[in-house]
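Please open the structure in your viewer and keep the selection panel at hand. The tour proceeds by selections, each followed by a description of what is there.

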Amino acid sequence: MKNFAEMFRRLDRTTKINAKVDALADYFLQVDDEDKLWTVALLSHRRPRRTVNSKLLRAWASEMSGIDTWILEESYHVVGDLAETIALVLPPPEHDYDHTLTHWIDYIQEFAKYDEEGKKEAVQEAWNGLDTTERYLFNKLITGSFRVGVSQKLMTRALSRATGIEETNLAHRLMGNWTPNDTTFEDLIHSESATDDISRPYPFYLAYQLEQPAADLGDPADWQAEHKWDGIRGQVIVRDDEVFVWSRGEELVNDKYPEYHILASAIPNGTVIDGEILPFKDGQPLGFNVLQTRIGRKTVSKKLLKDAPVILMCYDLLEYEGRDVRKLPLSGRRELLERIMEEHDTGGVLQLSPVFAFDNWDDLAAERETAREKFSEGIMLKRIDSAYKQGRKKGDWWKWKVDPLTIDAVMMYAQRGHGRRANLYTDFTFGVWDGDQLVPFTKAYSGLTDKEFNKITAWVRRNTVDRFGPVRSVKPKQVFEIGFEGIRKSTRHKSGVALRFPRMLRWRQDKPVDEANTKADLDALLETYGG
Amino acid sequence: MPLLTFNDNGIYCERADVYIDPWKPVDRALITHGHADHSRWGNKHYLCTRAAAPVIRYRLGDIKLETVEFGEVRTINGVKFSFHPAGHIIGSAQIRVEYQGEIWVASGDYKLEDDGLSEAYEPVRCQHFITESTFGLPVYRWTPQEEVMADINDWWRQTASEGRTAILTGYALGKAQRLLDGLDTSIGKIYTHGAIENTNEVLRKQGVKLPPTTRVTREINKKDYPGNIVVATPGAIGQPWVKKFGNASIGAASGWMTLRGARRRRGADRGFVLSDHCDWPSLLEAIDLTGADNVYVTHGYTAIFSKYLREQGLNAVELHTEYEGELAEIETKGNEETEKENAAADAE
């Protein structure tokens, strides 16, 4: 754990990519394979099973430090992180334990066998032998995943440097359905064939939002354009007469979408398709809110299958006849994809994402404007000769999203943020005018620069009207332009609407508060786009 | 009528018709120390300690200012006033007020640890204690200055060995001098931001011993910086001013560096936990040492801290003042103001 803590401190001190890779690579060279495996797991969001809830942790920390739970709770609102709060309020340790990361994780996994009193003793015993950083990490192991500003890509690069294995190869090996409890570092990294695990997916290729004018992309003939579908990115694998469906978050979602089960027999073994998990009925996509009724459901009722059936809107082919075809140009992959779709009947479970023919950018721009009506988020642009890369890369693939819907709203409540925004007011509730009253209709957390958050924090402190626990009501003075991707009716919200991806586009310091939008404006948007 | 009351101008003693650290202009102001939120412009008469006076004069210009020694008693209309070391910065005082057996202490900003530069804090017994609560949460606990300075010097040594410049931030009056005092000058040369060097000049003139420093100016060759340390104000970071130091490592010294969120937000490579205010244990210790039953909590986590004190059986009240303590430090100044400061620093 001391190596792990030192590595964490080094990561935490820098925002420079190279320094982070150095810290991780040095660490990988210091520790044994077990610790390497767990570190890779933790940095790819595979955490040990949760054995203690945070309420108990709070109570035990309160007991050990002699501080009432209410003041611990207030401290948590300021610190913005429970694991850190507990690490800071505990009295100085009486021992100095030096064990490996794997030792501590095993120690935590053992908790499952203990009763509550046993867990408490074990946790307090550990706290009493760890320094502040180690305590923080120990608490993180118990409570949740780490956010240390290390992407999987960066971790893979460091591991590549430490092991000498090529980065793309390594990235593929680290994908899929493994946990440190059921494999070893040797097996995961060094086993000969990447298809040892038949469920193993390929890393997704992700696009950036197009910032420059589309015309700057050059000759339209070099580009393929299709809808940017508003569902969940998915990868369907058929190997050894089995089907595996992966979501972009590297989650195996077979059970959630039984529609795909017939693919095991409908399409040939050795086929991997990239596409969009999309609710679809009578030849038409349904809105994302329909898909939301499926997300998070492990068991699916007949009624739900009937009301919200999903298909895979296919747009790329990664494996064909058991061969990795990611290096073929997009045009070649598309041809093979079309062939599979033609030759095999999937009962409509696989749909081919249509391609727009266009010979000038203005026509495509006009098409993009109509995207929202077609339950699409805009347009995907892919270079016709592009290979299927991994991770988010600029150049060959772009998403060209339709502009967000906007509304000018008045800040009503403010709350402190978490993580690096702790102790800053970053979480706001906004309202629109209904006569001379403000009606709250959305929260938003993102979109401002650090400088703006600093400035608005100072303003909130000086313009607080009332406090409700961690929430402050503020004078209705500040107008923000709120952007969002969609709007629908909601019975859960007082205002009667729910927004999709609301965020602050601009702080309208130029705008008088009485010129903010009204409830009627919001209702008009709901009327037009709320279908 | 209590001896001290709180109104829109500040902390008021009606019997003597004086204010302590008023935030609006008044006739007679007793000043605890030279930070801008405690010694404001526009009062007709000022009274402070002799050690605090030069900086206040430097900041506020031509003012009517009288000084007292620590412990000296001034009687105004029968009310006895005396100034006692607060340990916050050089010359900083707690102000004791006594009339017919009723004793109040307004502590301004204070810390218990002896930093070797400020006059060491002395507890003053009283019935009514006015305290700050800048770090009034149990998550704030300081390590001894000696250990923090050892960490800072290790970081400087490491940075120097990589052929880079170390930039260390602390506000211009107090923190900066405390840092200078603790730096190991065998590692390299110390450069200072203009705002800090201006304060150093004032303090040196009144006899404060500081290590040799060189003001950062345009005339200095950029190649001279690597291996050495630049002590700068927090506002200078993220501004064009720091570009001249090339590939630098930035360290920030502040109580706020306790929190991971604050460290990451500051954009500093290293956060050193060093504060001129009390941490949680020393706030509680200080209040205990006064023996006061009545505690008035000013700037900081006032609501939480006063609630905690009430639970300990004290009669504690939350006050709304315009003191800022170290809060002023985390709220980034407007760009313009900082740029002006940097331009001025460069021009000198």
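What follows is a walk through a predicted model, from the contact of two chains to a helix and then to individual side chains.

**Stop 1: the contact of chains A and B**

Begin by colouring chain A and chain B separately and selecting the residues at their contact, to which chain A gives 31 residues and chain B gives 29 residues. Between them the two chains bury about 2,900 Å², and 50% of this area lies on carbon and sulfur atoms. Three salt bridges are counted between chain A and chain B, and five residue pairs, both members at pLDDT 80 or more, are in polar contact across the interface. Now restrict the selection to the side of chain A that touches chain B, where the elements giving two or more residues are α1 (2–13), α5 (69–79), α6 (82–89) and α18 (450–462) of chain A. Which of them should be shown first? The largest share of this side, six residues, comes from α5(A). If you colour the same side of chain A by residue class, you will find 13 nonpolar, five polar and 13 charged residues.

For a single pair across the interface, select Asp12(A) and Arg260(B), which form a salt bridge whose closest N and O atoms are 3.0 Å apart.

**Stop 2: helix α19 of chain A**

Next select residues 519–529 of chain A, which make up helix α19, and highlight Lys519(A), Leu522(A), Leu525(A) and Leu526(A), which are buried. Turn the view until you look down the axis of α19(A): the buried residues fall within an arc of 120 degrees, so they line one face of the helix. On the face turned away from this buried side, α19(A) carries the exposed residues Ala520(A), Glu527(A) and Thr528(A). To see what the buried residues of α19(A) pack against, add the chain A strands β15 (405–416), β16 (425–434), β17 (437–444), β20 (479–484), β21 (486–489) and β22 (497–500).

**Stop 3: salt bridges within the chains**

The structure holds 50 salt bridges over all chains, and a few of them are worth selecting one by one. In chain A, pick Lys113(A) and Glu110(A), whose salt bridge has its closest N and O atoms 3.1 Å apart. Lys113(A) is exposed, with a relative accessible area of 64%, whereas Glu110(A) counts as partly exposed at 31%.

Moving to chain B, select Glu98(B) and Arg96(B), a salt bridge with the closest N and O atoms 2.9 Å apart; both Glu98(B) and Arg96(B) are buried.

Then show Asp276(B) and Arg178(B), whose side chains meet in a salt bridge at 2.5 Å, N to O. This pair links distant parts of the chain, 98 residues apart: Asp276(B) lies in the loop between β17 (270–272) and α6 (280–290) of chain B, and Arg178(B) in helix α3 (residues 175–182) of chain B. Asp276(B) counts as buried at 0% relative accessibility, and Arg178(B) counts as buried at 3%. Extend the selection to Lys111(B), Glu113(B) and Asp115(B), which are linked with Arg178(B) and Asp276(B) in a network of salt bridges.

**Stop 4: Asn198 of chain B**

Finally, select helix α4 (residues 194–205) of chain B and, within it, Asn198(B). Is this residue, Asn198(B), buried or exposed? With a relative accessibility of 13%, Asn198(B) counts as buried, and its side chain makes a polar contact of 3.3 Å with the side chain of Tyr58(B).

Key. Residues are numbered from 1 along each chain as its sequence is written. Chains are lettered from A and ligands numbered from 1 in the order in which they are written. This is a predicted model: local features need pLDDT of at least 70, side-chain atom pairs count only at pLDDT 80 or more; totals for chains, interfaces and linings use all residues. Side-chain values use heavy atoms; hydrogens and water are left out. Buried means under 20% relative accessible area, exposed over 50%, partly exposed in between (1.4 Å probe, protein chains only). Helices (H or I, at least four residues) and strands (E, at least two) are DSSP runs, numbered from the N terminus. The arc is that of the directions from the helix axis to the C-beta atoms. Contact means heavy atoms within 4.5 Å. Buried area is the accessible area (1.4 Å probe) that two parts lose on being put together, summed over both. A salt bridge is a side-chain nitrogen of Lys or Arg within 4 Å of a carboxyl oxygen of Asp or Glu. A polar contact is a pair of N or O atoms within 3.5 Å; within protein, one must be able to donate a hydrogen and the other to accept it, and residues adjacent in sequence count only if both atoms are side-chain atoms. Ala, Val, Leu, Ile, Met, Phe, Trp, Tyr, Cys and Pro count as nonpolar, Asp, Glu, Lys and Arg as charged, and the others, Gly among them, as polar.
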